[in-house]
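User: I would like to go through some backbone and helix details of this model. Short answers are fine.

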Amino acid sequence: IDPLTGLFNRGFFFAALEREIARSARSGRGFCLVMMDVDELKAINDRAGHFHGDRVLSAVGTTIAAGVRRIDIAARYGGDEFVAILPETDPTGAFILAEKIRLGVQDLALDLPGAAPRPSLSIGVVAYPYDGETADALMISADGAMYASKRAGRNRVTGVPPGPSRTAEPRALERVSV
């Protein structure tokens with residue numbers, strides 16, 4: 001368990017991801033992987049201090065924990081990045097869950113001093129096996145989708161476009177109403 005956020009740590013996450021890949025390969029039921037990055041955490045740390053940056057990370061962890069289901073695995077991946085495994089979830093369900101978490105973080109009532117920006121999340125959503133059949137391939141796809149969110153302006157959910165060429169450049173998708 002990550003002591004700051006209360007979510008699972010990176011080591012637990014990778015063990016769970018390998019188990020979910022094996023389970024999904026056996027059952028033929030896919031799952032989704034969500035990667036989230038706190039936008040502008042460096043600016044928050046620089047303007048408000050690391051104490052307040054840690055408050056943001058803790059609040060984001062709480063928001064993620066409240067947004068996932070009991071069967072999901074949410075973890076702090078590192079620094080200001082978080083991941084979640086969503087068993088037996090299709091991309092539409094994953095986008096709805098990701099958007100719910102994004103809105104929850106956007107609406108956090110944190111009193112940050114100075115000109116610190118409000119916290120938000122850039123999120124990437126990928127599906128097994130379409131966007132990768134191994135843990136490494138899924139993580140690379142999720143990372144690409146998350147960075148596509150950042151390039152498109154931050155504070156959004158992005159995925160790999162559906163269709164025959166799922167290896168195409170990730171693109172921001174329309175926001176989903178929750």
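User: Where is R154 placed, and what is its phi near?
Analyst: This is a predicted model. R154 sits in the loop between α5 and β5. R154 is not a glycine, yet its phi is positive, near 70 degrees.

User: Is R154 buried, partly exposed or exposed?
Analyst: The relative accessible area of R154 is 35%. Buried needs under 20% and exposed over 50%. R154 is therefore partly exposed.

User: Which residue just after α5 takes a positive phi?
Analyst: The phi in question is about 125 degrees. The residue just after α5 with this value is G153.

User: What is the distance between the end C-alpha atoms of helix α5, and what span is expected?
Analyst: Helix α5 covers residues 135-151, which is 17 residues. At 1.5 Å a residue, the expected span is 24 Å. The end C-alpha atoms agree with that, being 24 Å apart.

User: Which elements do the buried residues of α5 pack against?
Analyst: The buried residues of α5 include L138, M139, A142 and M146. The buried residues of α5 pack against α1, β1, β2, β3, β4 and β5.

User: How are α2 and α3 oriented to each other?
Analyst: Their axes come within 7 Å and cross at roughly 140 degrees. Roughly antiparallel would need an angle over 145 degrees. So α2 and α3 are oblique.

User: Which residues does a cis peptide bond join?
Analyst: Omega is about 5 degrees at this bond. One partner, P129, lies in the loop between β4 and α5. The cis bond joins Y128 and P129.

Definitions and conventions: Residues numbered from 1 in each chain as written. Predicted model: local features only at pLDDT ≥ 70, side-chain atom pairs only at ≥ 80, totals over all residues. Heavy atoms only, no water. Helix = DSSP H or I, 4+ residues; strand = E, 2+ residues; numbered from the N terminus. Expected span 1.5 Å × (residues − 1). Buried < 20%, exposed > 50% of the residue type's maximum accessible area, 1.4 Å probe, protein only. Contact = heavy atoms within 4.5 Å. Axes fitted to C-alpha atoms, helices over the stretch in contact; angles between N-to-C directions. Parallel < 35°, antiparallel > 145°, perpendicular 65-115°, else oblique.
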